[in-house]
Amino acid sequence: MAQARSAGHDHRKPPAARGGGGIFSDDYRGAPYWWDDSPVPDLPPADLPAQVDVAVIGSGYTGLNAALVTARAGRSTLVLDAEQAGWGCSTRNGGQISTSVKPSADALATRHGAERARAIRAEGATALDWIEELVRAEAIDCDFERRGRFHAAHTPAAYEDLAATLEAQRREGIEGHMVARAEQWRELGTEAYYGGVVYPHHAALHPAKLHAGLMRSVLAAGARLAAHCPALSIERDRGGFTVATPNGRFLARDVIVATNGYTGSLVPWLKRRTIPIGSYIIATEPLPSEVMDRLFPTGRIASDSCRVVYYYRASPDRTRVLFGGRVSATETDPRVSGPRLHAAMVRIFPELAKVRISHSWAGTVAYSFDTLAHCGVHEGLHYATGYCGSGVSMASYLGMRTGQRVLGLKEGRTAFDDLPFPTRPLYSGRPWFLPAVVGWYAWRDRMEIAKAARGTARAA
């Protein structure tokens, strides 16, 4: 969540509306679509206590779930955020939930051994099942649905790769089935792909409503939340830590750093291991129900096999297309990313060419160099971070486990605990290498898509 501001763009300043027949609708907003139904709360200033049992830095999914556990256990808990609560990616993401752990079982086995690899991979399914139970247990009305995902192949070769991957995943107990291109229309109203795989247990929700529900539970449990109150420094002191903020200093027996994609210089060790990456999303203006039914006949969420992936879905009320991805090698403004995302969307759904954008926004996710989430304790500070695009469930789940670990509970152990957490020489937290990597991957995607299209045209 927002503890340090992303350098690429200031999300707090929505771009001016650009309507009047352009690509942006007359009521365009440079803010998340999710905030229409669940605005970021305007919390009043909070007085800081002199001492707490647990200080949580960051009020996103990680921090709130950790705070919920410690507060309900009777620990005095204070959550800090540099911005307003809910300002960061916990209310900006696409609301898609998978069982994804990015490295394959074989790759993980090479790094960490077969047993640890199986345990790491299993955590993805555990996190998805757990968040469904969390939503039910906390009675959070956040449009949670398990309709599954259609993961589309951007080339014929990608389809074969997906089939081989699915075969390996089935040995891990992951369910799915392949859909040939001839039957693709049953899943997605497009001819842009070459079939794909359906994962029937993947889910979707309204991310801002989830965050709002979590915050209500945390406050009801007795935790305090101080917005616009960044942690400036953390120093060891008297068996715990002194946390300095612009509003004063206080003592904390335990500290949880839960900043993920907004990790700044507060903990340099963590900053050097966290790669902040901007992701961009648009929402279309409302569409007729027959169009939505044609584009998303099953109501599944969707993504594709490109290296620079696109992810999209119908809004929970099935009136709009929400389309996300990375469309710039460098960080950019939603006014710039919006038209580029629109062009990518129209390539997949040509009938949306004249449909305008009602919302365009950005958020910052966190990757790690080994594309794994990480949690553990460093110099006495608890942390969980690096969800690599799977943060809705994994951030919530690992936040909960981190809270349990602070309490000393054996249930707090996970397969991600204290894995080697790599960094790179010359890396200090600013991903200077990202433009070259993203540009190269995007170029390869374009070349492969163009080659596949030529092959299809010749075959026709």
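## The nine-stranded sheet

In this predicted model, nine strands form an open sheet with mixed pairing. Their order is S1-S17-S13-S16-S15-S14-S5-S7-S6. Strand S1 (24-29) and strand S6 (177-179) are the edge strands, and each pairs on one side only. Ignoring direction, neighbouring strands of this sheet are turned by 25° against each other on average.

One pairing can be followed residue by residue. Strand S5 (residues 149-152) runs parallel to strand S14 (residues 301-304), and four bridges link the two. Ala152 stands opposite Asp304 in S14. Helix H5 (residues 156-170) packs on the sheet. H5 touches S5, S6 and strand S7 (196-199). The direction of H5 makes about 165° with that of S6.

## The S18-S19 hairpin

Strands S18 and S19 (residues 381-385) pair in the antiparallel sense, over five bridges. Gly376 has Tyr383 in S19 as its bridge partner. The two strands form a hairpin with two residues between them. In the turn, Glu379 has a positive phi of about 50°.

Is strand S18 enclosed or open? S18 (residues 374-378) has four of its five residues buried, so the rest of the structure largely encloses this strand.

## Nonpolar cores

The largest nonpolar core has 51 residues. Ile131, Leu210, Leu398 and Phe416 have the most contacts inside it. Strand S2 (51-57), helix H2 (61-72), helix H4 (114-137), helix H6 (207-220) and helix H10 (391-406) each give two or more residues to this core. H4 provides the largest share, eight residues.

Ile131 shows how this core is knitted together. Beyond its neighbours within four places in sequence, Ile131 is in contact with Ile97, Phe144, Leu210, Val392, Ser393 and Ser396. Another core, of 32 residues, lies apart from this one. Its members include Tyr310, Ala314, Phe323 and Met345.

Leu128 is also placed in helix H4. Leu128 counts as buried because its relative accessibility is 0%. Residues up to four places away in sequence aside, Leu128 touches Ile97, Ser98, Thr99, Arg146, His201, His202, Ala203 and Ser393. Ile57 is 71 residues from Leu128 in sequence, and their C-alpha atoms are 24 Å apart.

## Helix H6 and its cover

H6 has 14 residues. From first C-alpha to last, H6 reaches 20 Å, close to the 20 Å expected at 1.5 Å a residue. How many of the residues of H6 are buried? The count is 10 of 14, and the helix is mostly covered. The buried residues are Pro207, Ala208, Leu210, His211, Ala212, Gly213, Leu214, Met215, Ser217 and Val218. Their cover includes helix H1 (34-37), H2, H4, strand S9 (224-226) and H10. Just after H6, Gly222 takes a positive phi of about 105°.

## H2 against H10

The axes of H2 and H10 come within 7 Å and cross at roughly 35°. The crossing of H2 past H10 is right-handed. On the H2 side, Tyr61, Thr62, Asn65, Ala66, Val69 and Thr70 make the contact. H10 contributes Gly391, Val392, Ala395, Ser396, Gly399, Met400, Gly403, Gln404 and Val406. A general point helps in reading such lists. An α-helix has 3.6 residues a turn, so residues three or four places apart point the same way.

## Positive phi values

The table lists residues with a positive phi.

| Residue | Phi | Place |
|---|---|---|
| Gly222 | about 105° | just after H6 |
| Asn260 | near 45° | loop between S12 and H7 |
| Thr371 | about 50° | loop between S17 and S18 |
| Glu379 | about 50° | turn between S18 and S19 |

Asn260 is not a glycine, yet its phi is positive. The loop that holds Asn260 lies between strand S12 (248-257) and helix H7 (268-271). Is Asn260 buried or exposed? Asn260 is buried, because its relative accessible area is 14%, below the 20% cut-off.

Thr371 is likewise not a glycine. Thr371 sits in the loop between strand S17 (357-367) and S18. Its relative accessibility is 27%, so Thr371 counts as partly exposed.

Terms used: Residues are numbered from 1 along each chain as its sequence is written. This is a predicted model: local features need pLDDT of at least 70, side-chain atom pairs count only at pLDDT 80 or more; totals for chains, interfaces and linings use all residues. Side-chain values use heavy atoms; hydrogens and water are left out. Buried means under 20% relative accessible area, exposed over 50%, partly exposed in between (1.4 Å probe, protein chains only). Two strands pair if DSSP finds at least two bridges between them. A nonpolar core is a set of buried Ala, Val, Leu, Ile, Met, Phe, Trp, Tyr and Cys residues joined through side-chain atoms within 4.5 Å. Contact means heavy atoms within 4.5 Å. The expected span of a helix is 1.5 Å times one less than its number of residues. Axes are lines fitted to C-alpha atoms, for helices over the stretch in contact, and angles run from 0 to 180 degrees between N-to-C directions. A crossing is left-handed if the near helix is turned anticlockwise from the far one by less than a right angle, and right-handed if clockwise.
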